[in-house]
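This report describes one sheet and the cysteines of a protein structure. Please keep the sequence and the 3D view open while reading.

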Amino acid sequence: MDAILLQILNGLDKGSAYALIALGLTLIFGTLGVVNFAHGALFMIGAFCSVTLQRILNLSFETVDPTRTDFLGNPAVIKTPYVIDWFGESTGAAIIDWSVPLAILFAIPIMLVIGYVMERGLIKHFYKRPHADQILVTFGLAIVLQEIIKAFYGANPIQTPAPEALSGVVEVLPGILYPAWRVVYFCFSLVVIGAVFAFLQFTTFGMVVRAGMADRETVGLLGIDIDKRFTLMFGIAAGVAGLAGVMYGPINAPNYHMGMDFLVLSFVVVVVGGMGSLPGAVAAGFLLGILESFASMTWVIDLIPGINQIIIYLVAIIILLVRPRGLLGRKGVME
Amino acid sequence: MSITNLTRRGVLRTGAVAGAGLALPTYLSAASHSGFTNAPGDSTVTLGFNVPQSGPYADEGADELRAYELAVEHLNGGGDGGMMGTFSSKVLDGTGILGRKVEYVTGDTQTKSDAARASAKSMIEKDGAIMITGGSSSGVAVAVQGLCQEAGVIFMAGLTHSNDTTGKDKKANGFRHFFNGYMSAAALAPVLEGLYGNDRKAYHLTADYTWGWTQQESIAAATEALGWETVNNVLTPLAATDFSSYIAPVLDSGADVLVLNHYGGNMVNSLTNAVQFGLRNKQVNGKNFEIVVPLFSRLMARGAGENIKGIVGSTNWHWSLQDEGSKAFVKSFGTKYGFPPSQAAHTCYVQTLLYADAVTRAGSFNPCAVVEALEGFEFDGMGNGPTLYRAEDHQCFKDVLVVRGKENPTSEFDLLEVVEVTPAAQVTYSPDNPMFAGGQLGSCNPGA
């Protein structure tokens, strides 16, 4: 029983990442009609915002310690971070320790700007082009972005650890211990998903965006500059992907390829949820996350060898056969 | 009626194309006159360095390339000579190889077998490389080794740890200096017994490809011989990034040791996930739960950060060794690049010197002469103690290091501490060991 509960928890936190990325993908597709293959790269850039802030906070001045030697036998160079020098040992160390949560504030403006520049600078030129062109150009952009990150940060993963206070395990249910940061990630994803839905549901801006998603032409005829709002939605979608990346860093060390690792799965999530359906994307994200976790259980693999590697695609095929529009897909979208 | 639409330009164009077509095979096999592929001219010789310059192992590839450039510099008489001064064979004199200046071309394996073969093929056919070396994956090593055998050039493997490279996929033109899964297991087993006892239940997570399978087989056999029980072995997809759903079942399995047969990004993520789930602080069967990572790499250890502390594994070489060869190499490399070399850099540097030495001792670049010079060659002064290049399978037999993640590192490079230097005799196996069965070395191919 404990094993099943653990896999449900695993599925929920895997699903959190899928849902956040798929939510952004669906927002972009629903508003701008663009199939954005660079969305995984935005997730990766978010994670590297965290790496960047960590490096900024660890910027150090050097002093030579003649009592110690380096690997070549020369006097050792000791590095002391400026934040420790400025704020003292305990405060400075605490700031560095909490660099991932602080990176949320750091990443939001960066991701909004990147999203805005990406949409205005490149993607808007492809609105009226076929989906195949959009896929090609955004996929190319994703490769360019990941190569830029690799050129700056290298190919190896870089750890962005959770704060000490949140890096252990917590008892989520009697007798069930689970990593604290994964619980934080799940709660964080619920907050972000809730905030996006609330923004669309309860604000005038959101109401106009929803109207534009339903009938862009009519909204335009009413004198509303829907393009400007959709551009902002692209920025918000980039921000959601970026925040998902920042918070994912302590779960798996960021590397330049992490966006691609999630991209294909996230597209499957979007298709299973129903193209253009925000609730569908979120529901499918959690559903596929849980199924993937169960498929990795030992007795399941013993029963059907290799099921852990194909479960998501198998479920996608079955759902598309039974419900061609996906779980909550709308009529007329991508048909 | 006769065809009269021939033009002067048409005839010239057709003639040029036909001429080029006829000349091409001659160009590609220009060396055939010397009796072997890509025989060098009188002034230079070209080596092909085939390393991952893109993809997940690009950092290791970059370190390999640094080592190759350093080796070329030393062979051509530049720098401080590095290990040439400590190498037991003294035939290399800094004038290149057999009086020819060493030049090199590079290829990008991308850590993909097909890409690695394509770049090696290009270096052999277009650039005239007489020896191919490098790589950071067993899949790549096996693929390129096969290509070199067919093409008639020598392959000096880089970082490849699968038993198969010098087991069922061994080739007469291929040589491996790096250790393998069997040797890791043979070196680790006594240390694991000393640290954790002989009543343990081990749970294996294994990367689902040739290296993972052979390593798991080796470790399971060695630990079971101690009295350990292998509770389970779960194959994980190479593309997996989140291992939480594989770690969770470990908690209820009754196992008290988790063996991670993972390398690279897989290792960083699976170890991180295992630590997140509190395995390191867990008590099972009245014992502390332990994690073992049989193949360690300092570059990867850096990626795993704090999680590596206290974890036991094995490595081919480490920069902190204090023998004269290691000190000379670390000094050369560290002075040139500003940081210590990795084990990948070490094995690539050594392989280049060993090839140059074999050619010089043989007095010929002919691959069959080089094979003869390397087979059964015994040497020292290269950082791993007395070493034998065994004739039967072209595998080097030398000391293996058992290491542990350092609890209190003094610098960003000081991540691993050497727990034991396992003597070569303890990791040596017979050529007909079942774990290495299934292939034939065959005979050397000089190509042409």
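## Strand pairing

The model is predicted. A useful place to begin is a single pair of residues: B:T44 has B:K101, in β2(B), as its bridge partner. This pair belongs to a longer match, in which strand β1 of chain B, residues 44–51, is joined to β2(B) by 8 bridges. The two strands run parallel.

## The whole sheet

How many strands does the sheet have, and in what order do they come? There are 5 strands in chain B, ordered β2-β1-β3-β4-β5. The sheet is open and its pairing is parallel. The edge positions are taken by β2 (101–108) and β5 (174–176) of chain B. Each of these has a single partner strand, so one side of each has no neighbour in the sheet. From one strand to the next, the twist averages 25°.

## Helices against the sheet

Helix α4 of chain B, residues 138–151, packs on this sheet. The strands of chain B that α4 touches are β1, β3 (131–134), β4 (154–157) and β5. The direction of α4 makes about 165° with that of β4(B).

Helix α12 of chain B covers residues 367–374 and lies across β4 and β5 of chain B. The angle between α12 and β4(B) is about 40°.

## The disulfide

Which residues form a disulfide? B:C368 is joined to B:C444, with a distance of 1.9 Å from S to S. A search of the whole structure finds 1 disulfide over all chains. The link of B:C368 and B:C444 is right-handed, with 105° about the S-S bond. B:C368 lies in helix α12 of chain B, while B:C444 lies in the segment after α13 (424–427) of chain B, so the disulfide ties together parts that are 76 residues apart in sequence.

Are the two linked cysteines buried or exposed? B:C368 has a relative accessible area of 22%, and B:C444 has 24%. Buried means under 20% and exposed means over 50%, so B:C368 is partly exposed, and so is B:C444.

## Other cysteines

B:C348 is in no disulfide. The nearest cysteine sulfur to B:C348 belongs to B:C396 and is 13 Å away. A disulfide needs the two sulfur atoms to be within 2.5 Å. B:C348 has 0% relative accessibility and therefore counts as buried.

In chain A, A:C49 has a relative accessible area of 5%, so A:C49 is buried.

Methods:
Residues numbered from 1 in each chain as written. Chains lettered and ligands numbered in written order. Predicted model: local features only at pLDDT ≥ 70, side-chain atom pairs only at ≥ 80, totals over all residues. Heavy atoms only, no water. Pairing = 2+ DSSP bridges. Helix = DSSP H or I, 4+ residues; strand = E, 2+ residues; numbered from the N terminus. Axes fitted to C-alpha atoms, helices over the stretch in contact; angles between N-to-C directions. Contact = heavy atoms within 4.5 Å. Buried < 20%, exposed > 50% of the residue type's maximum accessible area, 1.4 Å probe, protein only.
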